Amino acid sequence: MTSVELSELVDRQKAFFSTGKTQEVAFRREQLLKLRNLLLQRQADILAALAADLHKSPVEAYATELGILVKEINYIRRWLPVWSLPKLRPTPLMAFPGVSKVLSEPYGCTLVIAPWNYPIQLSLMATVAAIAAGNCVILKPSHSTPACEKLLAAIIGSIFPQEQVAVITGGTEIHQPMLAQKYDFIFYTGGATAGKKVMEAAARNLTPVCLELGGKSPCIVDSTADIEVAAKRIVWGKLVNSGQTCTAPDYVLVQEDKKDQLIELMRAAMEEFYGENPVAADSGLSSIVNERHFFRLLNFANGNNPANGRGIPCCSTSPTYNKEARKIKPVILDSPEPDAPVMQDEIFGPILPVLPIRSVEEAVAFIRQKPEPLALYLFSQDKATQKLVTRSLRFGGGCINDTMLHAVSSHLPFGGTGHSGMGSYHGKAGFDTFSHKKSILTKPTKMDISLRYPPYKEKVLGLLKLLLK
């Protein structure tokens with residue numbers, strides 16, 4: 001799609017938005033119902049596309065992509081009539097008599113840029129929120145997952161006219177002309193480097209943005225934790241989608257007297273979950289998205305740099321990798337150097353560094369030195385420790401005694417802070433993100449107090465002090 005064609009598409013969407021059709025709540029709910037029904041009808045195609053692009057097993061694909069979407073749409077459709085109502089607010093004495101209310105109004109033409117790691121869920125979750133709020137949407141799926149990109153274009157194209165919801169496809173050549181357009185809101189999910197470029201482009205037109213980024217999400221395990229449960233839940237969270245999850249535990253900080261036990265239990269859990277040969281085509285472990293990421297991760301897994309720690313594979317007898325299937329055997333890195341290469345950027349793969357700590361306070365100090373993570377996980381039975389960690393550190397969201405599950409709730413806002421992003425979505429948070437909150441104060445005209453108008457007398461000052469307390 002050329003820059004001219006993109007500009008024309010944006011103009012058509014703004015023209016359609018100006019008709020007011022998308023502001024009708026019944027229309028929005030109808031559109032969401034059509035999308036939900038078609039997703040269920042195309043379930044086999046969706047699972048096949050996810051298998052083709054990422055080798056996702058049917059269970060993992062349904063649980064982390066299609067099932068979450070259907071649940072989210074059902075939840076939003078149920079509550080949308082309530083969320084869309086004007087919300088009454090108190091009116092201050094200075095403006096009395098009057099009625100104050102807040103209206104939720106859509107922005108207009110919105111751009112949603114989605115990543116490749118959950119290509120169906122993360123493309124449509126934000127799109128659903130935008131539609132629910134009454135916006136038109138231009139969706140840009142990732143070109144790194146071509147089967148899903150093609151399917152999304154077909155699904156969206158069969159329900160929505162392009163002037164309401166459109167999918168644009170293509171690789172890096174489309175990015176510059178896409179970001180050059182003047183949208184009313186931009187929603188981006190992906191890495192921080194590209195996120196800065198999105199924000200820079202948005203700033204030229206003062207376009208509001210929501211950035212869902214990532215980062216190195218830590219996991220703390222203290223001496224009071226149930227180590228057996230912690231091991232399984234950490235491994236589960238780490239290896240969903242082969243670690244290619246923005247909220248996956250990126251590294252573990254464990255009290256030193258529990259480190260060896262935790263590592264052994266996690267190694268055993270990896271083998272229990274994915275068998276003696278996790279890189280086999282039918283192991284259930286997802287593929288790495290492309291060769292570039294595959295070789296980047298393989299460099300860590302092979303233990304070529306001693307600073308990255310001692311590599312402990314889940315199964316000593318199976319191959320380290322399967323190049324044809326783009327699979328890498330899960331590896332635990334025991335005690336890497338804090339400034340090792342593997343500790344610099346988000347890993348985004350089945351490699352888990354484990355660092356010993358003497359205390360939770362040491363873990364807190366370590367995390368504070370790094371950019372704010374998207375997620376944080378704590379395994380501890382101690383209430384004081386739970387309070388210390390959750391109140392002392394800035395992070396997007398997280399779990400106590402579990403991993404990842406906070407991100408699947410329609411009742412909890414999901415988003416980052418600082419280096420891990422800005423803004424949130426899921427459930428009502430998504431509706432609010434794609435809505436401008438317009439404040440309206442309505443005054444009657446029958447009572448018009450003359451004291452508000454100049455010339456002012458001295459007694460007005462005393463009255464103002466009373467009203468503005």
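**View 1. R42 and D45 meet in a salt bridge.** The closest N and O atoms of R42 and D45 are 2.6 Å apart; a salt bridge here is a side-chain nitrogen of Lys or Arg within 4 Å of a carboxyl oxygen of Asp or Glu. This is a predicted model, in which local features need pLDDT of at least 70 and side-chain atom pairs count only at pLDDT 80 or more, while totals for chains, interfaces and linings use all residues. Residues are numbered from 1 along each chain as its sequence is written, and side-chain values use heavy atoms, with hydrogens and water left out. R42 comes out as partly exposed at 23% relative accessibility, and D45 is partly exposed too, at 35%. For all such labels, buried means under 20% relative accessible area, exposed means over 50%, and partly exposed is in between (1.4 Å probe, protein chains only).

**View 2. K21 pairs up with E24.** In this salt bridge the closest N and O atoms sit 3.5 Å apart. K21 has a relative accessible area of 34%, which makes it partly exposed. E24 is at 39% relative accessibility and gets the label partly exposed as well. As a bit of background, side chains of opposite charge can pair when their charged atoms come close.

**View 3. R394 has a salt bridge to E372 and a polar contact to T417.** The salt bridge between the side chains of R394 and E372 is 3.0 Å, N to O. R394 lies in the loop between α13 (383-392) and β16, and E372 in the loop between α12 (360-368) and β15 (375-379), so the pair ties together parts that are 22 residues apart in sequence. Those element names follow DSSP runs, numbered from the N terminus: helices are H or I with at least four residues, strands are E with at least two. R394 counts as exposed, at 51% relative accessibility. T417, by contrast, is buried at 18%, and is found in the loop between β16 and β17. The side chains of T417 and R394 are joined by a polar contact of 2.4 Å. A polar contact is a pair of N or O atoms within 3.5 Å; within protein, one must be able to donate a hydrogen and the other to accept it, and residues adjacent in sequence count only if both atoms are side-chain atoms. Setting aside neighbours within four places in sequence, T417 is in contact (heavy atoms within 4.5 Å) with E372, R394, F395 and G396.

**View 4. Salt bridges link K259, D260, R310 and D334 into a network.** Zooming out for the tally, the structure holds 18 salt bridges.

**View 5. Cysteines C109 and C136, and C314 and C315, without a disulfide.** The count of disulfides in the structure is zero, a disulfide being a pair of cysteine sulfur atoms within 2.5 Å. For C109, the closest cysteine sulfur is in C136, 6.7 Å away, which is too far for a bond. The sulfur of C314 has its closest cysteine sulfur in C315, at 3.4 Å, again too far for a bond. C109 is buried at 0% relative accessibility, and C314 is buried with a relative accessible area of 0%.

**View 6. Two cis peptide bonds lead into P97 and P455.** From F96 to P97 the peptide bond is cis, with omega near -5 degrees. P97 is placed in the loop between β1 (87-89) and β2 (99-106). The other bond joins P454 and P455, with omega about 0 degrees; P455 lies in the loop between β18 (435-442) and α15.

**View 7. S242 and N401 have positive phi without being glycines.** For S242, phi is about 55 degrees. S242 lies in the loop between α9 (227-239) and β9 (251-255), and is buried at 0% relative accessibility. N401 has phi near 65 degrees and is placed in the loop between β16 (397-400) and β17 (421-422). N401 also counts as buried, at 18% relative accessibility.

**View 8. M447, I449, L451, L463 and L466 make a nonpolar surface patch.** The patch covers about 440 Å², with accessible areas from the Shrake-Rupley method with a 1.4 Å probe; for residues, only the protein chains shown count as cover. Patches are made of residues with over 30% relative accessible area and no salt bridge: like charges are joined within 9 Å, nonpolar side chains (Val, Leu, Ile, Met, Phe, Trp, Tyr) within 5 Å. L466, one of the patch residues, lies in helix α15 (residues 458-467) and counts as exposed at 53% relative accessibility.
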